[in-house]
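Here is a short tour of a two-part subject, best read with the viewer open beside you. Please have a look at the sequence and the fold, and then follow along below.

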Amino acid sequence: MILSLLIFLPLFGSLLVVLMPENQASQFRRIALVITLIEVLLSAVAYASFDKTLAGYQLLEQADWITLPLGNMGIASIRYLVGIDGMSLPLVILSAVVMLIGVISSWTTITTRTRAYFSLYLLLTGTIMGCFVALDFFLFFLFFEFMLLPMYFLIGLWGGPRREYASIKFFLYTLLGSLLILLVMIGLYLSVMDPVSTAVATGVVASPSAVSDELIRTIQAYLQNGQLNPSQIVHTFDMRHLADGGNYLPNAFLNPAAEPIVLGLPARMLAFWAVFIGFAIKLPIVPVHTWLPDAHVEAPTPVSVILAGVLLKIGGYGFLRIVWDFFPDGAAEYAQALGVLGTLSIVYGGLNALAQMDLKKMIAYSSVSHMGFVLLGVASLTAEGINGAIYQMVSHGILSAMLFLIAGVLYDRTYDRRIDSYRGLMQPMPQYTTLTAIAFFASLGLPGFSGFVGELFTLMGSFQSQWLPGWLTAVATTGILLAAAYFLWTFQRMFFGPAWIRPFDSPQDVTAVLADLTAREKLMLIPLGVMALVLGLFPNLIFNLTNATVAQWLMKFAVE
Amino acid sequence: MPLDASPLLSASVAALLTLPFAGFLVLLLTHRRIAGALAILLTSIGLAVSIVVAMNVAEQPMLIQTNWATLSGSSFGISFQVDALTALMLILVHFVALLVQLYSLSYLHDEPKLGRYFAYLQLFVGAMLGIVLAGNLLVLYAFWELVGLASYLLIGFYTDRPAAGQAAKKAFLMNRVGDIGFLIGIFLTYYYFNTLELISLTAPNSGEIPSTALGLCLFMGCVGKSAQFPLLTWLPDAMEGPTPVSALLHAATMVAAGIFLLARIHPLLSPDALVVITVVGTITTLWGGYSAVFQTDIKKVLAFSTVSQLGLMVAAMGTGNVSGAMFHLLTHAFFKAGLFLSAGAVIHAVHTQDMRHMGGLRKALPTTFIAYTVCAAALSGLPFFSGFLSKEAILGEAFHWSSAQNDGLSYLVPVLLLLSSGVTAFYMVRQWRLVFFGDYRNDVVPLSQAHEPDWLMRGPVLILAVLSVWFWFALNPLSAHSSWFFKLFPATEGQNFWWLAPVSIGLVLIGGWLGFRMREPHSQRSYVRLSVEYGFLDTMYHYVFINPIRKLATLLNHADQRVIDRAVNGAGISTVTLAYLASGLDRFVIDGFVNGLAWCISRLGRITRSVQNGLVQSYITAAVVGLLLILWWLL
């Protein structure tokens, strides 16, 4: 029930807002606030009812949705199937928190078309939750696609001057990724059977609940020996079955053993790269990252917060849940190339951040750099690397949300985001300075804050990895030097020296324009800072959730 | 076997770490008037607790361990380790910090952000204590970075000065360069030993040292933090911070951390790594020494003398003389803190740091003059002062080391170190002369107004001066062999070189005499600029690293927009163009075809319609013609 509520409560709220009369403007944000608050509570309930010692999916809910006999093509089955494990739970909690912060951030900054805004916002909330809990690939894809729609409008309608370009770019990039994922999804569907439903369909057992592990292996053996009637094979999108190599039909397109060659590559490897690129766009990984700086710069502050805080994580989650889990052979085969891509993102993103004159763009490129650590950690195929990657996603979700809110604070006051438009902000805005310093130092990996832990363990994992060469980690480590360089350089330019801002309309009194933080701004920034500190001091808060799942997940990559 | 710490010791360690960090938070919110008193109270308690710890130190290190991060298959703990070295450092850090805080009360009494200042000092002290207490490399690294943060905050304390921000950033980034090596060293350590606990890593007879790279990577951390060549240029810039901070930074915290690290990880250093460390230390000694020679800023001379002395300690570590290096760290902490605080008193009196605008101050500032003279004599290595003892301990061992190397070239190391002590005497006496002798050369503050500070500032300076004489360290003023220090921290038994003491005293006297007699050369002379610009190291960094990296960043940013983004936009534009082409094709070709077809059909229809005109005659004509055609074809 909890997980379905997580998805459908905001969807219901979205509908509610749409149906309300336009003149109830002040109610929309209240509804959004209440619903996101309940989402946080629901995620807390999910946390409380989650057994950390178990590796498999928990809180499962399933219902048959579409079952269609297709003659010799077998039986098509799409199900409503949701559940969480140690990989998705931290991200669910993160999403709930960030969405709540996003509402607070929208409170006064969104003044036009509030009904449409909050309706889309709640739609986005529901689809994001759906993405993290869906265990049927089709269902996942549905949410994944549906997320695009509110995002496109949120950037395109409430964004900055170049919002249309940015939103179209975001849309097309992500659509390309979706297309690649869709192709692979269909390929997988055609190649994989659901052993449980097949057992029922062939009449071996009466109900799915009677299927034992042993029976599943028997059915799989029947399948591999061609003893199953093709019309009785149930094709599935169930991620649990897609991840099991025994369920692949012999001679199917994506069967690891069959491996037809397409364009000079085994079909499976091609599919691996296709679905990898699909999620790499989302993360984003260099060179498919250029939608991110534009989208961030043009999006209104709360949307930037969601984009960096939550949406990027779907890319990393997709790596773990889909790309690596369904194609372990591809992940192992190309581990080194993937590690190089992660390192490239770290260094390239860092250098680009160094060159930015726009505060939001600098933060956007720092996101590219920090997300590179996620890919590096995942590619390492070690317990440290994978746990570290999940941790890094949560940590970056908190810190990037904080950073974009910080950029938003200034933008709300002066409508100017250029770094060189400010000097000596420390004098007029001491509280703002303190929180910015916390966010900057936490992001550049100061021990005690969460950023350090994520980077430490992803790097350590990549160093321990037998798949990656040692020099790669050494190169990636320079990313933390670059992070210190771009954050501290920015801090020095904006906060040190006598107070000054670039005059825009008429000569301005600096202190009048630059009022220090309001209570609402502190309400957003302080909890995020505290979370970064608490997670940095007690990393087991996350590792306890992820450990069991990651250990089981890694069994596929154990070297005999 | 290491022991688990007793409850008393555990509580002490917890208190030692809690006091400064809690103090940091509390002091941030404390009113400036009571902030200083509160900070001093906290540090005094810390000092008392440190003494308790020192009295309870056992032969074996004692451990406090708790779990921090558990990952499937491996777990990383937080652990603290207390041994004699820890206890020594605990007392040293607290003691110097206490004196610096007392001094700051008076020196910064007009400072509006005094609460913040004392808060940062507490953070600085706390981070240093963490390094000293750390029981594994991860904890050490964490506090190591916190020292970086505290130094950033203190160097950048005068936030309205752009140069302060610049210097703070530079210090943090240069330290980060070293820290990257340190971090990779930690990864290597974990890779080879599967543990980061110092107690297991440094256990005697733990076998072969697996890698030279490991030691060198860890050493990089020391290169950054202890301002070794080539990462030494942040230290002179760090003068942007308040002067008492410099005293703390140069004596007991920050730069001492690197030396302490080497003492902790010494068993992990392979012979090849030790050679590199010795060479780096020797280069640093000479580089720092020469850079100090022609400086005109009173604090910069002292800063480069710190660089030089740190080089000496590192070189001692390289020659395997851990206890000698730590002994010099101890003696150096007192006289260098004394020198900085005296310099602060001078600056306080004449409102300038430029020694060209000082002179003849020995009468106006008698107490400071005496304290300064004692500390400078200790730094120069005159007998009857502490510096002589610790330098002899290092140099003697260095000669012993090179005689064991069976390599003539290795004698270069002790000879150069010996010569550098002459250079030290030269620039210290030059400074002494410029500040306290000759004519007063300041037009802004008349000599009559230059006066001694109050006793809150004079007291700590005098205490440090008193602690710079030989008596506290060894009864024999000419040899440290009988010192209590070497009973606590046994050194390897080296031979005595009877000629060493006379030669080094002779060099010191010659250097000092030259320093007193020299005439100031023109500031544009190339050898003067080479010294003042510390070997043009910063200029080199500017052209070799900073500019190229910034250019590369700009270039990549252009590439991002011009290449990748243009490709994306190009793909978009070409798709749209294709769409227009397709629509044109649609309109003109396909639609044209369809329209043409329609037109043809309608024409055909019109023709056939014209045939179907309803006249029976024309039907019959058509039928007959058709019949005839069929017949013609059949026949």
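## A hairpin in chain A

In this predicted model, strands β1 (residues 58–69) and β2 (residues 75–84) of chain A run antiparallel to one another, paired over 9 bridges. One of the bridge pairs to look for joins I66(A) to I78(A) in β2(A).

Together, β1(A) and β2(A) make a hairpin, with 5 residues between the two strands. In the turn you will find G71(A), whose phi is positive at about 65°.

## Two domains in chain A

The domain assignment for chain A gives domain 1 as 1–193 + 233–282 and domain 2 as 334–497 + 510–548. Their C-alpha centres are 25 Å apart. Where these domains of chain A meet, 16 residues of domain 1 are in contact with 18 residues of domain 2. The domain 1 side of that contact in chain A consists of 11 nonpolar, 4 polar and 1 charged residues.

## Helix α15 of chain A

How well does the span of helix α15 (residues 359–380) of chain A agree with 1.5 Å a residue? At that rise its 22 residues should span 32 Å, and because the end C-alpha atoms are indeed 32 Å apart, the two agree.

This helix is also mostly covered, with 22 of the 22 residues of α15(A) buried. Just after α15(A) comes L381(A), which has a positive phi near 55°.

## Where the chains meet

Chain A and chain B each bring 41 residues to their contact. On the chain A side, α14 (335–355), α16 (383–414), α18 (450–464), α19 (470–495) and α22 (540–554) each supply at least two residues. Which of the helices gives the most to this side? That is α19(A), with 11 residues. Sorted by class, the chain A side has 27 nonpolar, 13 polar and 1 charged residues.

## Chain B and the nonpolar core

Chain B is divided into domain 1 (323–516) and domain 2 (543–622). The C-alpha centres of these two domains of chain B lie 86 Å apart.

The largest nonpolar core has 408 residues. Those with the most contacts inside this core are V93(B), V96(B), F124(B), I131(B), V147(B) and C375(B). F124(B) is a good residue to click on: leaving aside neighbours within four places in sequence, F124(B) is in contact with V147(B), A150(B), S151(B), L154(B), L248(B) and T253(B).

Note on methods. Residues numbered from 1 in each chain as written. Chains lettered and ligands numbered in written order. Predicted model: local features only at pLDDT ≥ 70, side-chain atom pairs only at ≥ 80, totals over all residues. Domains from an automatic or database assignment. Helix = DSSP H or I, 4+ residues; strand = E, 2+ residues; numbered from the N terminus. Expected span 1.5 Å × (residues − 1). Buried ≥ 20, exposed ≤ 12 C-beta atoms within 10 Å, placed from the backbone. Contact = placed C-beta atoms within 7 Å. Nonpolar A, V, L, I, M, F, W, Y, C, P; charged D, E, K, R; others polar. Core = buried A, V, L, I, M, F, W, Y, C linked by C-beta atoms within 7 Å. Pairing = 2+ DSSP bridges.
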